[in-house]
Amino acid sequence: MKPTYSELELKMKELEQQVAGLKGMVTAQRKRAEKYRSFSEAGFEAIFINDNGMLKDANNRYFDMFGYEPVELLNKQVIPLTIAPEFYEQLLKRVHSGYTEPYQVVGIRKDGSRFPIEIQAKQVRYEGSKLRVAAIRDISERKRAEDVLWESEEKYRKLFSTIHSGVMIIDEQTRDIIDVNVAALYTYGYSREEFLSLKYIDITAEQEDSEEAIQQLLAGERQYFPLRYHRKKDGTKFPVEIFATSFSLQGRRVLCGIFHDISVRKKAEQALISAKEAAEAANRAKSEFLANMSHELRTPMNAILGMNRLALKTGLTKEQGNYLATVEEAGESLLKIIDNVLDFSKIEAGQLAMEERAFNLREISTFLQDRFALKVREKGLSLTCRLPADVPVALLGDETRLRQVLVHLVENAIKFTETGGVSILVEQVQNNEEAICLRFAVSDTGPGIAEGDQEQIFNNFTQADSSMTRMYGGTGLGLALCKKLTLLMGGKIWLESRYGQGATFSFTANFKKEPEGTGNRGLVAQRKTRVNGKLSVLQILLVEDNPFNRDLARIVLEKKGNRVTTATTGLEALELMTRQSFGAILMDIQMPEMDGITATKLIRLCEKQKNVAVREHNELIRRINNKIYGTHTPIIAMTAHAMSGDKYLCVQAGMDEYLTKPFRPEEVFTALRDVTARSTVDVRRSPRGYS
């Protein structure tokens, strides 16, 4: 039975609907395909589809990456064309095995250039065929970055491995040692495996200090620990110096420490300290030797010069007077040598302190002319001193050292000058409100000094011509001492001379100006008062163990009408003080049984405190205390000790004045006049205590 027209028409409509549906599906699939192609074209990766190595399709990125036109590669075997041959077999194995992870090979462009690529492929079924879709990335930039990073890591790894200092990296939380370099292994004696099984605390010799150091490091970015102690594998303790910092490494905080084994340095430092101590001990020994030599030389010199002066004042024949005058001159020369050696030693030991006292330049000028008047007259020379009106004369400084330099230069000038004369010039170099720098020039008309000898003339124990030593005498120490003294006065010394035309020795020195209103007239008046004042007759206790010096001092004092009681030790002096009172005490320093410093301290203690009790000689001290408490007996040190610090020790002990042997009678009487004038001083000021 044939279908009716209406049935055919219905059937046609169904077919049309099916065709329309199929068209829609095709259109949708086309749109979907276009969408995915647009996605693939927009991506940064090259995407291609192959069937057993034959290129079926690819995005534009693929053709651009390798430099081909699509027609040159489509439906062709592309693996040999775009992949380096050495990777071809490896690539085929990976493809056939279904390996889907990214792997790296070398790509080849159409122009033959090679570049690194990364491929990731996956097998898919399409229209009954097994196809492989692959994505290719050009990793040239990444490889370059990796190479740079690798080079950087390699550089720092080599630095880490080869640096001579030990380096450790420690976990901040666990304190585990997570890395060390070769130097650390060598220093501590562990293998790498052993080291990495340790904690930081295992290598430290001072656990509390080490934890404290870590806490300090955690509180700041960098720390320096100059001295810590670590232990080696064998238990040996050794010092280290640590530079440490903290930073983040692979997501965790670590501490990095650079450790220097400073054992050698510490040994060197200890050796240096030992050498320094040995040098200081040698210097102390030298100072003690010089102090003892000074004492041993000055003690007999005091007796020789003192007795000689007394003899000169007796009735002598002219011949006897000449003999004793020669002894006097020789003794003074010897004393000068002793003083120079002693001063030189003080300066080298840093024990010579410059004083600051008021003095007057005009008095120094007068002193020099008076001092050398006889010598220049005997040689038929002239001696002049020019002090311009614009030079301030009232100054503050060390007058004694200034005189010492001038005396030596003038004495040298007179010694080496046979005709003509010697002149002294003082002039300003710099001048301001509070201070002044002066230049002193001593010129002579002597033989002069050759230019080649001028540089060394200020060296220790040096003279311009060794023949001068035989002709004129001298130690060659004086000018070296002058140089050191001028340096201490803030100046310098130099020589200007031509051989055969005389010489000029110049030096500069800095001084403070004496404030206005306390200048020349007050200073001169004060000195005249001290010189012209009368000294009352005193009951004097003379404490001296040397019989010659004891007799000399007794005779000098008694010639002025003083009553003298003598003692040979400090202990004997204390015994005498329990029986009678004295107006002044002349106290030697170095004596047997009890020295002068100890005796003076005990006297001052008894004067100051009531009911004094000491371990030794307690009964004797009690009796002295009952007798002299509340009084003040002037004490003058009269000693052969002339080193720096001796005067300070005497003053600290409570002595009122300090004289060095050999002494002149006028110095003793001036000191007695001064201390007795001050005897009303409050006794509570003086004692430093007895120990």
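**Close-up 1. Met293, a partly exposed residue in a helix of this predicted model.** Let us start with Met293, which has a relative accessible area of 33%. Met293 counts as partly exposed because this value lies between the limits for buried, under 20%, and exposed, over 50%. To find Met293, look in helix 10, which covers residues 263-312. Which residues form a nonpolar patch on the surface with Met293? They are Phe289 and Leu297, and together the three have about 260 Å² of accessible area.

**Close-up 2. Thr204, a buried residue in a loop.** Here we move to the loop between helix 8 (192-195) and helix 9 (207-219), where Thr204 lies. Is Thr204 buried or exposed? With a relative accessible area of 5%, Thr204 is buried, because buried means under 20%. Now look at the side chain of Thr204: one of its polar atoms lies 3.0 Å from the backbone oxygen of Ile201.

**Close-up 3. An open sheet of five strands.** Follow the strands across this sheet and you meet them in the order 19-18-20-21-22, with parallel pairing. Which strands are at the edges? They are strand 19 (563-567) and strand 22 (657-660), and each of these pairs on one side only. On average, neighbouring strands of the sheet are turned by 20° against each other, if direction is ignored. As a general point, strands of a sheet pair through backbone hydrogen bonds, and the pairing can be parallel or antiparallel.

**Close-up 4. Strand 18 beside strand 19.** How many bridges join strand 18 to strand 19? There are five, and the two strands run parallel. Strand 18 is made of residues 539-543. For one bridge to look for, take Leu541: its partner in strand 19 is Thr565.

**Close-up 5. Glu593, a residue with a positive phi.** A helpful rule to keep in mind is that most residues other than glycine have a negative phi. Glu593 is not a glycine, yet its phi is near 65°. You will find Glu593 in the loop between strand 20 (584-587) and helix 20 (596-608). Its relative accessibility is 68%, so Glu593 counts as exposed, the limit being over 50%.

**Close-up 6. Asn611, with a positive phi in a loop.** What is the phi of Asn611? It is about 60°, a positive value although Asn611 is not a glycine. The loop that holds Asn611 runs between helix 20 and helix 21 (618-628). Asn611 counts as exposed because its relative accessibility is 65%.

Note on methods. Residues are numbered from 1 along each chain as its sequence is written. This is a predicted model: local features need pLDDT of at least 70, side-chain atom pairs count only at pLDDT 80 or more; totals for chains, interfaces and linings use all residues. Side-chain values use heavy atoms; hydrogens and water are left out. Patches are made of residues with over 30% relative accessible area and no salt bridge: like charges are joined within 9 Å, nonpolar side chains (Val, Leu, Ile, Met, Phe, Trp, Tyr) within 5 Å. Accessible areas come from the Shrake-Rupley method with a 1.4 Å probe; for residues, only the protein chains shown count as cover. A salt bridge is a side-chain nitrogen of Lys or Arg within 4 Å of a carboxyl oxygen of Asp or Glu. Helices (H or I, at least four residues) and strands (E, at least two) are DSSP runs, numbered from the N terminus. Buried means under 20% relative accessible area, exposed over 50%, partly exposed in between (1.4 Å probe, protein chains only). A polar contact is a pair of N or O atoms within 3.5 Å; within protein, one must be able to donate a hydrogen and the other to accept it, and residues adjacent in sequence count only if both atoms are side-chain atoms. Two strands pair if DSSP finds at least two bridges between them. Axes are lines fitted to C-alpha atoms, for helices over the stretch in contact, and angles run from 0 to 180 degrees between N-to-C directions.
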